[in-house]
Amino acid sequence: MKLGIVTDSTSDLPPHLIEQHGLEVVPTLLVLDGKEYADGEGISRDDFYKRLNTLQTPPTTAAPSIGDFAARYDSLLTRGCDHILSLHAAATLTTIINSARQAAQDFPAKITILDSASLSMGLGFQVLAAAEAAEDGLEAALQAIASTRKRLKVHAALDTLENLKRSGRVPGVIAALGGLLSIKPLIELTEGAVKPAGAVRTTKQAAERLLDLLLQHGELERLAILHTGAEARAKDFLETLMQTASQSVPREILLVNVTPVIGTHVGPNGLGFAAVKR
């Protein structure tokens, strides 16, 4: 069986991995100052985060259309794929997967739609696991995803909760933390739910706490350091990690400036990680 793999751009997969594995990535949509952008086109991630706090009207996001997914499915099947695995951002946080499911109805028994229950490289690592197992067929790919998901941790230290509160995607307990003076909340994304993971008073303390959380996972198979327009902060975090636990991390560590489609909701200057335990 030739298996095609589709995901959406909230997976944050770097271009070289998309090309290496022949993945199809459907862009989500960003609306900025009344103009609609396909994720990755028209505005760079760096430019977006530089502008985010200066915008008079907060940006908004939208899922790809049913037609966007249908076109990718049709293309893969026309090119010889026997089946397609379409893996997407958490359904509890976005409607992206709904568009994929509706598009799949036009291709009976040809598309398997899967909710990753995650975002960013939490989704991306599941996609990579599926791609690496794809030669052995759909069941092997699904097993690889399930294995990765069991060992996956996604944490973040947010600089502000204003964006998340405005989006309506934050539980009240986390919103209450963010309302306290000079509090930097830490969150965990697990099984599609955003949960509190602590709170500190400074960005330095946030990075230290985040490092503690990462080191608790032990030896790692995959790791991505995530940030929202905070490359210097992410590099400092990575340097400290390498000084502390270089033997426990994989050879390739990804440094990912998170897509504006996610950054719109979590705000700038955030730091986080997606890690898969060995």
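**Helix α3, the β9–β10 hairpin and the largest pocket**

Four residues of helix α3 are buried in this predicted model: F69, A70, Y73 and L76. They span an arc of only 130° around the axis, so they lie on the same side of α3. An α-helix has 3.6 residues a turn, so residues three or four places apart point the same way. The cover over the buried residues of α3 includes strands β1 (3-8), β2 (24-26), β6 (83-88) and β7 (111-115), together with helix α4 (96-104).

The length of α3 was also examined. The helix holds 13 residues, 66-78. At 1.5 Å a residue it should span 18 Å, and its end C-alpha atoms are 18 Å apart, which agrees. Just after α3, G80 adopts a positive phi of about 110°.

A second positive phi occurs in the hairpin of β9 and β10, where E191 takes a value near 50°. This hairpin has 2 residues between its strands. Strand β9 (residues 184-190) pairs with strand β10 (residues 193-200) in the antiparallel sense, over 7 bridges. Within this pairing, I187 stands opposite P196 in β10.

Strand β9 also contributes to the largest pocket. The space in this pocket is about 550 Å³. Its lining comprises 33 residues, of which L93, L119, I262, H265 and V266 are the closest to the centre. Two or more lining residues come from each of β5 (60-62), β8 (152-157), β9, β11 (220-227), α11 (260-266) and β13 (271-277). Helix α11 gives the most, with 4 residues.

Methods:
Residues numbered from 1 in each chain as written. Predicted model: local features only at pLDDT ≥ 70, side-chain atom pairs only at ≥ 80, totals over all residues. Heavy atoms only, no water. Expected span 1.5 Å × (residues − 1). Buried < 20%, exposed > 50% of the residue type's maximum accessible area, 1.4 Å probe, protein only. Arc of directions from axis to C-beta. Contact = heavy atoms within 4.5 Å. Pairing = 2+ DSSP bridges. 1 Å grid on protein atoms, 1.4 Å probe; cavity = no way out; pocket = protein on both sides within 12 Å on 5 of 7 lines; lining within 4 Å. Points joined across faces, edges and corners; volume = space filled by probe spheres on them.
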